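Student: I would like a close look at the salt bridges in this model. Could you also lead me on from there to whatever is connected with them? I am new to this and need each term explained.

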Amino acid sequence: MNVLDFQRMKNESTKISMVTCYDYWSAKILDKSKIDCILVGDSAAMVIHGHKTTVPATVPMMIHHIEAVSRGAPHKFIIGDMPFCSYRMGQSKTMETVDSMMKAGSHAIKLEGADDNVEIIQHIVKSGIPVMGHLGLTPQSIHALGGFKVQGKDEIAAKKILEQALCLEEAGCFAIVLECVPYQVAKKITESLQIPTIGIGAGPYTNGQVLVFQDLLGLQNDFKPKFLKTYMQGFELIEQSLNLFDQEVKNEVFPNIQEHCFQKA
Ligand code: KIV
């Protein structure tokens, strides 16, 4: 997949699948899978580093994750998430960050919001770097939004998100993530845009879906938002395996002399 395939897939009504990834071994699994593209999300701050929001994500943190993912998934299109405030630092500092994220292995970058970001998005796009937008619930603005809440519920708020989406398309974004908006709003936006939308908590009418790797595999047993479907009970499966290892060590079942041990010559 390359950046042109996003538009092709929308034109052909083929849905786009995107999954977040932050590390080498998960990237190797994704690389073998049929998932279309990988987002190295700033959700790493929460999922991997245990922070309560994505605000603590930093450029060095993101670079570290992008490098690991690009080593593990050499065949996938990788989108690197620009962390909190990193694209609000003036043009030259922002471009230094974009440059380092691309050199780390991203094929595109993602940033949250529209309005005052339109100018920098245009500049990044004109510099030959594909930009993915992100509207609706923009977690980096969590303190301004007053919490992780569904956005665009009333007519005025929905109209504002639609206008922002049209602005991002005009600015040159190749796709837009729509997070936690009513499905009717996501449908209207998707129908109004030429470029594809990729939803999370935005219903079935977007051009694609994105989920966090650990969420879809049930690895975070304390995170169960309405929009999430878990495809395995990863937390319990891993816990059971760890407990079995503990039991076999204590009962001297593991290691087995024949199977797991080296012999003297
Ligand atoms: O950082 C992230 O994981 C994201 C997705 C929720 C789209 O931005």
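Tutor: Let's begin with a term we shall need often: a residue is buried under 20% relative accessible area, exposed over 50%, and partly exposed in between (1.4 Å probe, protein chains only). The model is predicted, with local features requiring pLDDT of at least 70 and side-chain atom pairs pLDDT 80 or more, while totals for chains, interfaces and linings use all residues. Residues are numbered from 1 along each chain as its sequence is written, and side-chain values use heavy atoms, leaving out hydrogens and water.

Now to your topic. Searching the whole structure gives nine salt bridges, each a side-chain nitrogen of Lys or Arg within 4 Å of a carboxyl oxygen of Asp or Glu.

One of them is between D81 and K110, where the closest N and O atoms are 3.0 Å apart. This pair ties together distant parts of the chain: D81 belongs to strand β3 (residues 77–81) and K110 to strand β4 (residues 108–110), with their positions 29 residues apart. Helices (H or I, at least four residues) and strands (E, at least two) are DSSP runs, numbered from the N terminus. D81 and K110 are both buried.

Compare that with K103 and D99, whose side chains form a salt bridge at 2.5 Å, N to O. K103 and D99 sit four residues apart in helix α5 (residues 91–103), so about one helical turn separates them. K103 has a relative accessibility of 66% and therefore counts as exposed. D99, at 37% relative accessible area, is partly exposed.

You can find a similar arrangement in helix α11 (residues 234–250), where D246 and K250 lie four residues apart, about one turn of the helix. Their side chains meet in a salt bridge of 2.3 Å, N to O. D246 has 35% relative accessibility, so it counts as partly exposed. K250 is exposed because its relative accessible area is 59%. Salt bridges can also share partners, and that is how D5, R8 and E12 become joined into one network.

Let's return to D81 and K110, which also belong to the surroundings of the ligand. Around the ligand are T20, L39, G41, D42, S43, D81, K110, H134, V177, E179 and I200, each with a heavy atom within 4 Å of it. Look at the polar atoms here. For D81, an N or O atom of the side chain is 3.2 Å from a ligand oxygen. K110 has a polar side-chain atom 2.9 Å from an oxygen atom of the ligand. In S43, a side-chain N or O atom is 2.5 Å from a ligand oxygen. The protein buries 95% of the 260 Å² that the ligand exposes when taken alone, with areas from the Shrake-Rupley method (1.4 Å probe; for residues, only the protein chains shown count as cover).

Next, follow the chain on from strand β3. S86 is found in the loop between β3 and α5. Its relative accessible area is 5%, so S86 is buried. The S86 side chain reaches the backbone oxygen of P83 at 2.6 Å. That is a polar contact: N or O atoms within 3.5 Å, where within protein one must be able to donate a hydrogen and the other to accept it, and residues adjacent in sequence count only if both atoms are side-chain atoms. Leaving aside residues up to four places away in sequence, S86 touches V59, T94 and T97 (heavy atoms within 4.5 Å).

C85 also lies in the loop between β3 and α5. Its phi is near 65°, a positive value in a residue other than glycine. Most residues other than glycine have a negative phi, and most peptide bonds are trans. C85 is partly exposed, as its relative accessible area is 31%.

Finally, go back to helix α11 and continue along the chain. E252, in the loop between α11 and α12, has a positive phi near 60° without being glycine. With 72% relative accessible area, E252 is exposed. P255 lies in the loop between α11 and α12 (257–260), and the peptide bond from F254 to P255 is cis, with omega near -5°.
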